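User: Please take a close look at one part of this model, a loop residue and its surroundings, and then set it beside two further sites. A connected account would be appreciated.

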Amino acid sequence: MSDHNSEEANQIENLYEFGERLNESKDKSQSVTDYEGIIELSKTSIKAKQLGAQLIPRYFKFFPSLSTKAFDAHVDYLEEEDLGVRVQAIRGLPLFCKDTPEFISKIVDVLAQIFLTCEDSVERDAVHKALMSLLRQDAKASLSALFKWVGTADEPATDDAIREKVLTFIRDKVFPLKGELLRPQEEMERHMTNLIKKSLADVTGGEFKMFMDFLTSLSIFGVKAPTERMKELVEIIEGQADLDAQFNVEDTDHIDRLISCLHMALPFFARGAPGSKFLSYLNKHIMPVFDKLPEERKLDLLKALADISPYTTAQEARQILPSIVQLLKRYMPARKTGEEMNFTYVECLLYAFHHLAHKVPNATNSLCGYKIVTGQPSDRLGEDFSEFYKDFTERLTNAEDLTKATMKKLTQGMSENNKATSAAKTDEEKESIKTKRQNTTAGLRTCNNILAMTKALHAKAPSFIGDNKSVNLSWKEAVKQPLATAATAGLAAQGKASCG
């Protein structure tokens, strides 16, 4: 046992001597024997390996002829059973790249693979710190190497487990330090954007949102960004929405993704990005089968249509307005039909109708029988659309009657809720009454909006609200009072009224 200890002590002593000579040497490249001695001796004991893990990367750059041999010896330490050796080896990895940047991609690959096997928090922390060190040395090369593990359309990820850990590292460690790591700012933000765009071929909804949230936090897409940059973001979202695919009304995943992407794109439409591809897809594929959509998705889609309507162009408005009028007729029943009216649907559709008609007022002549004069051939004033006008205004009147009747019930319900509040004793009773009050308030907001929007539509040449902010959609107000959101969505269930 003493002979073993003596041999180990000699090895350690020799390693220190090799290291000291290299440290003192003015022309280290001439000390090949010393460096070879370090490589060989550091394959022996645990202590020798720990010391070798420090010395090999420290003098690596001076011996290019031994680079493969030295690097392979260091990588072997990463597979050692001893945690101390592994951690020291991980800490030494960034040193290989300090003067030999061509090694960055290889080192990142090694560290990414260690993600899979490291279970100890000390080892995992060492991996994170090593990667951060590489990112600070050369962010561009390091990020490019990291994103290879995320995968692209041409080169999909080869290991899902590593991909997930790399994405977690990017989200938790890289994104929060974008101000420090992405320098020079515009160049590196563009590089990061390109890496993300290439990685979106196969991502989950959560991953896509994570990437989009990050992109919108970059200065190149900030408040001063030109319209072209907003268009770029919308094009990314269009790709995720799969707008080139044939629509299948039974594909609920595609419907959910489409609605989610449409909501995600709204801020960029508001900043000038065109929504024509979304609107064209909705008009061509979704509106003709609207009745076949799952009930819970209809309201989401109508809300999205209402939200996007103020940002449409005249051409887009003219394209989709006929579909909106058809849906209005579907959900504003004619008198004495016994049909029910879904107030929230009608609120959405009237809001969209007003904003679209404001862009192309004379398009309503052939759709609703109005007589709006713009001096263009599309006025079609010589044609008789009086039956359309009669039908549309009758539906408006009926919608108003149903709305007023419902408002009366809701107001009465509010009074009853106020009385019940003072009589409530338990917390459960108070919470139940509070929810009813919020439902009622949301219902009244929806009804008030409907009346405000139908009032102007009875004239032969009506005025449309357009950019007038006099109507705030009921669920937009509900954002300020989160508990009322569910009430708005549920109005169809609790606030239907029968015709006749």
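**A loop glutamate and two helical sites**

Analyst: In this predicted model, glutamate 80 occupies the loop that runs between helix 4 (67–77) and helix 5 (83–92). Its side chain forms a polar contact with the side chain of lysine 49, at 2.7 Å. Lysine 49 also appears among the residues that glutamate 80 touches once those up to four places away in sequence are set aside; the others are Ile46, Val85 and Arg86.

A second glutamate offers a further case. Glutamate 238 belongs to helix 13, which covers residues 227–241. Glutamate 238 is buried and yet has no salt bridge. The nearest side chain of opposite charge is that of lysine 277, 4.6 Å away, whereas a salt bridge requires a side-chain nitrogen of Lys or Arg within 4 Å of a carboxyl oxygen of Asp or Glu. Lysine 277 is nonetheless in contact with glutamate 238, as are Leu243, Pro274 and Phe278, when neighbours within four places in sequence are left aside.

The third site is an aromatic residue. Phenylalanine 18 is part of helix 1 (residues 2–24). With a relative accessible area of 15%, phenylalanine 18 counts as buried, because the limit for that class is under 20%. Beyond its neighbours within four places in sequence, phenylalanine 18 contacts Asp34, Gly37, Ile38 and Leu41. Tyrosine 35 lies 17 residues from phenylalanine 18 along the chain, and the C-alpha atoms of the two are 7.1 Å apart.

Note on methods. Residues numbered from 1 in each chain as written. Predicted model: local features only at pLDDT ≥ 70, side-chain atom pairs only at ≥ 80, totals over all residues. Heavy atoms only, no water. Helix = DSSP H or I, 4+ residues; strand = E, 2+ residues; numbered from the N terminus. Buried < 20%, exposed > 50% of the residue type's maximum accessible area, 1.4 Å probe, protein only. Contact = heavy atoms within 4.5 Å. Polar contact = N/O pair within 3.5 Å; in protein donor to acceptor, adjacent residues only side chain to side chain. Lys, Arg positive; Asp, Glu negative; His and termini not counted.
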